[in-house]
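Trainee: Could we go through this structure together, with each term set against its definition?

Mentor: Gladly; let us look at it and begin with its surface.

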Amino acid sequence: MPKYHVYGIGNALVDMEYEVEPDDLTKLRIDKGVMTLVDEAHQTEIMAHLAERHHVKGSGGSAANSVIAVSQLGGRGFYSCKVANDPLGQFYLDDLIANGVETNRHGERDDGHTGRCVVLVTPDSDRTMVTFLGVSGGLSERELVTQAIAESAYFYMEGYLVTSDSARAAVIAGHDLARQAGVKTAISLSDPNMVAYFKPGLLDMIGPGVDFLFANEAEAQGMAGSDDLETTLAYLKTIASEFAITRGPEGALIWDGDRMIEIDAVPVKAVDSVGAGDMFAGAFLYGLTQGWGHERAGALAAATAAKLVTSLGPRIPTAETQTILRRFL
């Protein structure tokens with residue numbers, strides 16, 4: 001029995017979420033629907049523009065959201081990240097622990113700024129993210145906890161880390177440690193821009209292959225270099241033993257290594273899609289680590305992701321997550 005069901009590694013970002021109009025994105029020089037890295041000055045400008053808007057704050061980052069989802073469902077999670085010696089850094093660590101996730105707290109925290117992600121939600125429920133990495137851009141092998149990796153069922157990598165040389169090296173080192181310990185590996189491609197601009201780096205992180213890969217349709221097609229579904233599926237089989245492609249209202253496709261499984265979407269009125277893919281991945285990994293089949297794990301993932309998009313924020317209350325889980329037990 002592993003000590004941790006999922007060991008995740010990713011950016012430590014304090015999410016600050018705002019409801020905006022498309023015109024706001026134009027005024028702020030932001031591309032809609034993707035994640036854009038900006039410097040602190042540009043992000044501060046954006047936050048000043050939105051100062052009068054209501055916003056929700058919480059510990060975030062793609063892999064963090066997934067590991068927290070594992071914990072909310074009753075699993076055990078560990079998260080490696082890097083925060084600064086500032087108030088937001090302490091808030092981030094406290095919030096992780098409050099959500100039942102253990103984290104690397106060894107060593108001294110660096111001076112500087114903890115990463116922030118301004119999440120802009122438009123009326124069509126689309127999310128646009130503007131990220132200042134702060135010290136998270138310097139995440140390195142120092143943040144790895146070798147024993148915790150070896151004591152995990154899955155080592156889960158966040159595709160966003162591909163933008164940092166030191167973070168990418170840490171992911172590759174962690175991936176190697178996991179394989180040597182017989183720990184399964186999984187990766188999320190994270191964002192179409194990561195695929196468009198950093199595909200070679202993502203392939204370095206994937207290395208000789210991963211046990212499971214998560215992607216939305218645009219990310220999967222970008223990796224395959226094709227908008228043809230069969231070509232895309234064939235390519236993913238060369239880099240992952242199993243995978244899931246999320247397709248929004250069209251549900252998801254799951255390759256379990258032997259057959260393709262179609263998972264129906266749960267019809268809901270979407271308010272905010274932030275974190276839907278992260279919730280899907282976390283719930284799916286929870287199911288796999290409980291010995292569930294891919295179809296059952298996929299149905300749980302679809303149900304929790306559907307619930308998440310009906311309200312603002314990258315996660316739903318633990319009590320509501322548990323209510324959904326009971327339908328599958």
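Trainee: How much area does the protein expose, and what share do carbon and sulfur atoms supply?

Mentor: The exposed area is about 13,200 Å², of which carbon and sulfur atoms supply 50%, by the Shrake-Rupley method with a 1.4 Å probe, where for residues only the protein chains shown count as cover. This is a predicted model, in which local features need pLDDT of at least 70 and side-chain atom pairs count only at pLDDT 80 or more, while totals for chains, interfaces and linings use all residues. Residues are numbered from 1 along each chain as its sequence is written, and side-chain values use heavy atoms, leaving out hydrogens and water.

Trainee: Why is Thr122 called buried?

Mentor: Buried means under 20% relative accessible area, exposed over 50%, and partly exposed in between (1.4 Å probe, protein chains only); Thr122 has 3% relative accessibility, so it counts as buried. Of the 329 residues in the protein, 57% are buried.

Trainee: Which residues are in contact with Thr122, leaving aside its neighbours within four places in sequence?

Mentor: They are Val20, Glu21, Pro22, Leu25 and Lys32, where contact means heavy atoms within 4.5 Å.

Trainee: What makes the link between Thr122 and Asp124 a polar contact?

Mentor: Their side chains are joined at 2.6 Å, and the definition asks for a pair of N or O atoms within 3.5 Å, where within protein one must be able to donate a hydrogen and the other to accept it, and residues adjacent in sequence count only if both atoms are side-chain atoms.

Trainee: How does the radius of gyration of the protein compare with that of a compact globule?

Mentor: Taken over C-alpha atoms, the rule is 2.2 Å times the number of residues to the power 0.38; for 329 residues a compact globule would have a value near 20 Å, and the protein has 18 Å, which agrees.
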